[in-house]
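Welcome! Take a moment to turn the model around on your screen, and then let us walk through it together.

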Amino acid sequence: MTQFSRSWRRASASIAVAATGALGVGLSAAPAFAHTPNWSVTCSEVSLNLTAYGNSDKNTVTVTVDGKDLLPTENFRNNFSKKLDLPAHKSEVTVRLVVKAADGDQFNKDETKTAPVCEGEETPPEPTPPQESAPEPSAPEETPETTPGEDTPAPEAPTPAGEASTSAAAVPSSQPSPAGDDLAETGASSSTPLIAGAAGVVLVAGAGIMWASRKRRSAQG
């Protein structure tokens, strides 16, 4: 009985040690399997929610946008929650999350997501440059047609000024000059016949009066 009791005690102790070791391993491994790196990306922001990373301050998180830091490397304990505003963009951008766990590289996180373009920020189409119109060809100058065998009259040579005046003076005028302009004055006037006629009338009248006077005297005597 004594030996049996000792054997039983030894077996019980071995079982207790094994159970304690298994429990210790389970307790140490439980936090490691609980790492939860949740994150999301919209057209305007990045949301981070990292949980159950243990109490080590050697956990790090980094966020970049097209290779530029949006969140420079930052240390955190167990949990990390933050919202980051994305810069304005007119085309899709690539967001990268890098999480390094202090309890082993197998729990690290390196992932990328694409942030779409928000409405109203699309790149406007480039304006089409106006097309330059080609200059219209000018019409050729028209050359007067000449009949074969027909001589083109040569231009008249200008006449010297002296010769032109001499020729003009030598040609007599075809219009007759007024008769009264070339006659010499003789002292007669166009009123002379009228005066002579009036004098004749006076003489006739005077003769008539004298004849009547004489006849009257004859009759009285």
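Before we follow the strands, one term is needed: two strands count as paired if DSSP finds at least two bridges between them. By that rule β3 and β6 are partners, joined in the antiparallel sense over 6 bridges. Please keep in mind throughout that this is a predicted model.

Let us step back and look at the whole chain. There are 4 helices and 7 strands in it. Reading from the N terminus, the order of elements is α-β-β-β-β-β-β-β-α-α-α. Of the 221 residues in the chain, 14% are buried. The accessible surface is about 18,300 Å², and carbon and sulfur atoms hold 57% of that area. Contacts also link distant parts of the sequence: among those with a separation of 6 or more, 51% join residues 24 or more positions apart.

How confident is the predictor in this chain? The mean pLDDT is 73, with 52% of the residues reaching 70 or more. Confidence drops below 50 over residues 22–32, a stretch with 3 contacts in the model beyond its near neighbours in sequence. Residues 162–171 also stay under 50, and there the model has 1 contact beyond four places in sequence.

Now for the strands. As a general point, strands of a sheet pair through backbone hydrogen bonds, in either a parallel or an antiparallel way. Here, an open sheet of 3 strands runs in the order β1-β2-β5, and its pairing is antiparallel. At its edges are β1 (36–41) and β5 (80–85), each of which pairs on one side only. On average, neighbouring strands of this sheet are turned by 10 degrees against each other, direction ignored. Strand β2, residues 45–51, pairs with β5 over 6 bridges in the antiparallel sense. You can find one spot of this pairing by looking for L48, which stands opposite K82 in β5.

Let us return to β3 and β6, whose antiparallel pairing we met at the start. Here V61 has V99 of β6 as its bridge partner. Strand β6 also pairs with β7, residues 109–115, again in the antiparallel sense and over 7 bridges. To locate that pairing, look for V98, which stands opposite D110 in β7.

What lies between the side chains? In soluble globular proteins, nonpolar side chains tend to be buried together. In this model the largest nonpolar core has 21 residues, and V46, L48, V61 and V95 are those with the most contacts inside it. Six strands each supply at least two residues of this core: β1, β2, β3 (59–65), β4 (68–76), β5 and β6 (93–100). The most comes from β6, which gives 4 residues.

V46 is a good residue to zoom in on. Leaving aside residues up to four places away in sequence, V46 touches W39, S40, V41, L70, K82, K83, L84, L86 and V95.

Finally, have a look at S47, which is found in strand β2. Is S47 buried or exposed? S47 counts as buried because its relative accessibility is 17%, and the cut-off for buried is under 20%. Not counting residues up to four places away in sequence, S47 touches N38, W39, S40, K82 and K83.

Methods. Residues numbered from 1 in each chain as written. Predicted model: local features only at pLDDT ≥ 70, side-chain atom pairs only at ≥ 80, totals over all residues. Heavy atoms only, no water. Axes fitted to C-alpha atoms, helices over the stretch in contact; angles between N-to-C directions. pLDDT = per-residue confidence, 0-100. Contact = heavy atoms within 4.5 Å. Core = buried A, V, L, I, M, F, W, Y, C linked by side-chain atoms within 4.5 Å. Buried < 20%, exposed > 50% of the residue type's maximum accessible area, 1.4 Å probe, protein only. Areas by Shrake-Rupley, 256 points an atom, 1.4 Å probe, with all protein chains shown as cover.
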